[in-house]
Amino acid sequence: SPLDANRMPGTGTVDIQKLAVTGLSLGGDKAAAAAAVDRAIQACSNAVAERSRVARLKFNLGRSYYAKAALDPEITRMETLVKASKYIQEAADLGYTAAYNSVAQLYQNNDYYEEANGQIKRRSNDRDRTVELLKRGADLGDVLAQYNLGMAYQNGDLGLDVGKSFNEIRADAFQYLSKAAESGFVPAMIE
């Protein structure tokens, strides 16, 4: 990811989610986007097979599966989201900073699935878990978690505005958006 501060120096970046969305857009080439995402999944799968304890590799594999889920037909989408959830969660469990925001997105979008005892269970939108994950990622310096948490305060998403005055909400939003802006994240600068 271009926004992943922990990627290895000198490596190129591909915004895999943007690639998938472009393939879905009007005039986009869905087949070409799906082929590119499949190549990313294969490369990431090979890397994870070689180095199974490297959180960054699991994170990238999970991100690739999440992008594929956007391109998948409904019949296979759940299976792909199970894999995305698994690998992104494993990266977060290993302490990979950028993974916290991605797990939070999965929860917020009702896309988080778990497999236990051969059963697949979809986790419903869990606002408290989403906020917890965003705060953990933001506190560890992930620019996307900082931005998303700041926007959640600003827009009243995730119930973060309950019982707070307008000025308290704005101060909380500013706290996180300013951190993301200091990192050079242009959308945060605009906000």
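This report describes the overall fold, the surface and two buried residues of a predicted protein model.

**Confidence and fold**

The model averages a pLDDT of 89, and 93% of the residues score at least 70. Confidence is not uniform along the chain: helix α1, covering residues 16-24, has the lowest mean, at 78, whereas helix α7, covering residues 143-155, has the highest, at 95.

Nine helices and two strands make up the secondary structure of the protein. Read from the N terminus, the order of elements is α-α-α-α-α-β-β-α-α-α-α, so that the two strands follow one another in the series, with five helices before them and four after them, as the pattern α-α-α-α-α-β-β-α-α-α-α shows.

**Dimensions and packing**

The C-alpha trace spans about 50 × 40 × 40 Å along the principal axes of the protein. For 191 residues, a compact globule would be expected to have a radius of gyration near 16 Å, and the value of 17 Å found for the protein agrees with this. Of the 191 residues, 43% are buried. Among contacts with a sequence separation of 6 or more, 54% are made by residues that stand 24 or more positions apart.

**Surface and charge**

The protein exposes about 10,300 Å², of which carbon and sulfur atoms supply 50%. Its charged side chains comprise 23 positive and 24 negative ones, and the centres of these two sets lie 4 Å apart.

**Two buried residues in helices α3 and α4**

Two polar positions, arginine 63 and glutamine 89, are set side by side below.

| Residue | Helix | Relative accessible area |
|---|---|---|
| Arginine 63 | α3 (residues 55-71) | 7% |
| Glutamine 89 | α4 (residues 74-93) | 12% |

Arginine 63 is found in helix α3, and this residue counts as buried because its relative accessible area of 7% falls under the 20% cut-off. The C-alpha atom of arginine 63 is separated by 9.1 Å from that of serine 85, although the two residues are 22 residues apart along the chain.

Glutamine 89 lies in helix α4, and this residue is likewise buried, because a relative accessible area of 12% is also under 20%. Which residues does glutamine 89 touch, when those up to four places away in sequence are not counted? The partners of glutamine 89 are then Val103, Tyr112 and Arg129.

Technical notes: Residues numbered from 1 in each chain as written. Predicted model: local features only at pLDDT ≥ 70, side-chain atom pairs only at ≥ 80, totals over all residues. Heavy atoms only, no water. Rg over C-alpha atoms; globule rule 2.2 N^0.38 Å. Buried < 20%, exposed > 50% of the residue type's maximum accessible area, 1.4 Å probe, protein only. Contact = heavy atoms within 4.5 Å. Areas by Shrake-Rupley, 256 points an atom, 1.4 Å probe, with all protein chains shown as cover. Lys, Arg positive; Asp, Glu negative; His and termini not counted. Charge placed at Lys NZ, Arg CZ, Asp CG, Glu CD. pLDDT = per-residue confidence, 0-100.
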